[in-house]
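These are my notebook entries on a single protein model. I went through strand pairing, backbone angles, burial, packing and aromatic contacts in turn.

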Amino acid sequence: MGSTASYCWIQNSGFTPDLLKKKLEPVKEQAENVEDDLMTGLSAVLPPDLLQQLQAMYEAERQEAASLRSPSLAYRRDTPWLPYFEMRLCDGSIADSRAAKKLSRQFGAPVLVMALFDSDILFLSYADAAGSTVCDYAKPNFEEMEEYDTDLYSTEFPEILLRLFANTDAAAVRDIWDGEEAFANDRLEKLCQLLGLPLLGEGCPMPEGFEIL
């Protein structure tokens, strides 16, 4: 980790795999249509040999990442939070409460997001579309945060974590968030380990005991 990326979790309100697969279907179809449209557009401007090489490259990437398609959801019946991955949303992007709210509406459950910007800033966002609750926090490794919407992100401690993880040691959560970590990804890893949030994304090992939907 350490590159710009986002990690999402959907609160498990007793979902079954079949129900989650139904909720994933429209997003999977949309992702496939975008890829098809891209290849169709490229076919109009690229010579056949170069287009063939590009198609072969895409196919090789698909085979290499066969266990993690976009979008994907890691399911385990007894876990409170289900990790979610979508290439457009997670890979090289900074997701916020606006993206989380769309996911919350899609799945009918609260959504938590953490994001990294080049190991310099940890972002944390939350949305519960049903309860109209949204919040965005940022923990930079430096004082200036001119590149980001300071009206959107609060630099205060995210109290939402203490409400969502009421059985976790609150002092330990605060220590990690407020601690002087050299890298934002170290802060994210420690938070996820403490809160029991498995990571799903490029470069992350598959969560043990989970089924990829």
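The entries below record what I looked up in this predicted model.

**Entry 1. Strand 4 and its partners**

I began with strand 4, residues 111-117, and asked how many of its residues are buried. Six of the seven are, so the strand is largely enclosed by the rest of the structure.

I then looked up the pairing. Strand 1 (residues 5-11) runs antiparallel to strand 4 and is joined to it by six bridges. Within this pairing I noted L112 as the bridge partner of W9. Strand 5 (residues 121-128) also pairs with strand 4 in the antiparallel sense, here over seven bridges. In that pairing L116 stands opposite L122 of strand 5.

**Entry 2. V111**

I next examined V111, which is placed in strand 4. Is V111 buried or exposed? Its relative accessibility is 0%, so I entered V111 as buried.

I listed the contacts of V111, leaving aside neighbours within four places in sequence. Among them are W9, I10, W81, A100, L103 and S104, together with S125, Y126 and A127. I also recorded a C-alpha separation of 6.4 Å between V111 and D128, which are 17 residues apart along the chain.

**Entry 3. Positive phi values**

I searched the backbone for positive phi, because most residues other than glycine have a negative phi.

The hairpin of strand 4 and strand 5 has three residues between the strands, and D118 takes a positive phi near 50 degrees there. S119, in the loop between strand 4 and strand 5, has a positive phi near 65 degrees. I checked the exposure of S119 and found a relative accessible area of 12%; the residue is therefore buried, the cut-off being under 20%.

A further case is S132, with phi near 55 degrees. S132 lies in the loop between strand 5 and strand 6 (133-140). At 58% relative accessibility S132 counts as exposed, whereas S119 is buried.

**Entry 4. Helix 6**

Which residues of helix 6 (residues 170-178) are buried? I found V173, I176 and W177. Viewed down the helix axis, these buried residues fall within an arc of 95 degrees, so they line one face of helix 6. I then asked what covers them; the cover includes strand 5, strand 6, helix 5 (160-164) and helix 7 (184-195).

At the start of helix 6 I noted a polar contact: a side-chain oxygen of D169 comes to within 3.0 Å of the backbone nitrogen of A171.

**Entry 5. Nonpolar cores**

I turned to the largest nonpolar core, which has 28 residues. Which members touch the most other members? They are W9, L112, M114, L191 and L197. The elements that give two or more residues to this core are strand 1, strand 4, strand 5, strand 6, helix 5, helix 6 and helix 7. Helix 7 contributes the largest share, five residues.

I followed L112 further, not counting residues up to four places away in sequence. L112 touches Y7, C8, W9, W81 and L124, and also S125, Y126, L164, F165 and L197.

I also recorded a second, separate core of 26 residues, which includes F15, L24, A100 and L213.

**Entry 6. Aromatic pairs**

How many aromatic pairs are there? The count comes to three, and I describe two below.

Y84 and F107 form an edge-to-face pair, with centres 5.7 Å apart and planes at 75 degrees. Y84 belongs to strand 3 (residues 81-85) and F107 to helix 4 (residues 97-107), so the pair ties together parts 23 residues apart in sequence. I found both Y84 and F107 to be buried.

For F123 and Y153 the ring centres are 4.8 Å apart and the planes are at 55 degrees, so I entered this pair as tilted. F123 is in strand 5 and Y153 in the loop between strand 6 and helix 5; the pair links distant parts of the chain, 30 residues apart. F123 counts as buried at 1% relative accessibility, and Y153 counts as buried at 8%.

Technical notes:
Residues are numbered from 1 along each chain as its sequence is written. This is a predicted model: local features need pLDDT of at least 70, side-chain atom pairs count only at pLDDT 80 or more; totals for chains, interfaces and linings use all residues. Side-chain values use heavy atoms; hydrogens and water are left out. Buried means under 20% relative accessible area, exposed over 50%, partly exposed in between (1.4 Å probe, protein chains only). Helices (H or I, at least four residues) and strands (E, at least two) are DSSP runs, numbered from the N terminus. Two strands pair if DSSP finds at least two bridges between them. The arc is that of the directions from the helix axis to the C-beta atoms. Contact means heavy atoms within 4.5 Å. A polar contact is a pair of N or O atoms within 3.5 Å; within protein, one must be able to donate a hydrogen and the other to accept it, and residues adjacent in sequence count only if both atoms are side-chain atoms. A nonpolar core is a set of buried Ala, Val, Leu, Ile, Met, Phe, Trp, Tyr and Cys residues joined through side-chain atoms within 4.5 Å. Rings of Phe, Tyr and Trp (its six-membered ring) pair if their centres lie within 6.5 Å; planes under 30 degrees apart count as stacked, over 60 as edge-to-face and the rest as tilted.
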